[in-house]
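This report goes through a protein model from its surface to its cores, and then to two residues with unusual backbone angles.

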Amino acid sequence: FVKRRIAQLNSLGEFASSRLRVDFYNDYGDPGLAVANIKKAIDDPTTLAMIGLSGSNRAKAVFDKLGPEIEKRNIPFITDMSVTGLFEAYPNVFTMRPSQENERLPVIARFIKDGKYARPAFVGIADNVASAELAKLLSENPDAAPTVASHELPVKDGKIDDMNLKAAIAGLKDKDADLV
């Protein structure tokens, strides 16, 4: 779709003297490759805009390493990140995803409160920025009952180990969680 749209735009007279080009980068889930891809894009003087970057771990790596350069270059950057704390300092970075902090958390807290849940628990993904942020926000939220348990499960090759899952389930039962 994008390639066809670029071809359509380039066929217009307005673009006769300067052709649009789109470059696709894939980080294959690798934070280091995500940093290298974004660095290549911001170092290219012909870059007009950037679209992408969905994983919070990759996004953290990118903004930790390149945040000031991304801001300095002032290229509009449309992302798909939910942890706005990763990029809120950069006025040229936007997201199309609901914010964990400002949109998701209030809805979850209200659901817990309205449902009169007194013993909510959290199960998330270990070593995941978005999961850790949501766990932290839930535990600190004064509008919802405090979480009675929090389990962050390691994921390898897209799968959760059965032993870790069974241990988390046992922990939830032990804490008598009424919402997970």
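About 11,500 Å² of surface is exposed by the protein, and 55% of that area comes from carbon and sulfur atoms. The model is a predicted one. Its charged groups number 24 positive and 25 negative, and the mean positions of the two sets lie 5 Å apart. Of the 180 residues, 35% count as buried.

The overall dimensions come next. The C-alpha trace spans about 70 × 35 × 30 Å along its principal axes. The radius of gyration of the protein is 21 Å, whereas a compact globule of 180 residues would have one near 16 Å. Among contacts between residues at least 6 apart in sequence, 55% join residues at least 24 apart.

Six helices and seven strands make up the secondary structure. Their order along the sequence is α-α-β-α-β-β-α-β-α-β-β-β-α.

The largest nonpolar core contains 21 residues. Those with the most contacts inside this core are Ile-38, Leu-53, Val-62, Phe-63, Ile-70, Phe-77 and Val-93. Helix 2 (31–43) and helix 3 (56–73) each contribute at least two residues to this core. A second core, separate from the largest one, has 10 residues, including Ala-109, Ile-112, Ala-144 and Ala-145.

Leu-53 deserves a separate look. This residue sits in the loop between strand 1 (50–51) and helix 3. Leaving aside residues up to four places away in sequence, Leu-53 touches Ala-34, Arg-58, Ala-59, Val-62, Phe-63, Phe-77, Thr-79, Asp-80 and Met-81. Phi of Leu-53 is positive, near 70°, although the residue is not glycine.

Asp-157 also has a positive phi without being a glycine, here about 55°. Asp-157 belongs to the loop between strand 6 (155–156) and strand 7 (159–160).

The table sets out the two loop residues.

| Residue | Phi | Relative accessible area |
|---|---|---|
| Leu-53 | near 70° | 12% |
| Asp-157 | about 55° | 72% |

Is each of these residues buried or exposed? Leu-53 counts as buried because its relative accessibility of 12% is under the 20% cut-off. Asp-157 is exposed because its relative accessible area of 72% is over 50%. A positive phi is thus found at a buried loop residue, Leu-53, and at an exposed loop residue, Asp-157.

Note on methods
Residues are numbered from 1 along each chain as its sequence is written. This is a predicted model: local features need pLDDT of at least 70, side-chain atom pairs count only at pLDDT 80 or more; totals for chains, interfaces and linings use all residues. Side-chain values use heavy atoms; hydrogens and water are left out. Helices (H or I, at least four residues) and strands (E, at least two) are DSSP runs, numbered from the N terminus. The radius of gyration is taken over C-alpha atoms; the globule rule is 2.2 Å times the number of residues to the power 0.38. Buried means under 20% relative accessible area, exposed over 50%, partly exposed in between (1.4 Å probe, protein chains only). Contact means heavy atoms within 4.5 Å. Accessible areas come from the Shrake-Rupley method with a 1.4 Å probe; for residues, only the protein chains shown count as cover. Lys and Arg count as positive and Asp and Glu as negative; His and the chain ends are not counted. The place of a charge is taken as NZ of Lys, CZ of Arg, CG of Asp or CD of Glu. A nonpolar core is a set of buried Ala, Val, Leu, Ile, Met, Phe, Trp, Tyr and Cys residues joined through side-chain atoms within 4.5 Å.
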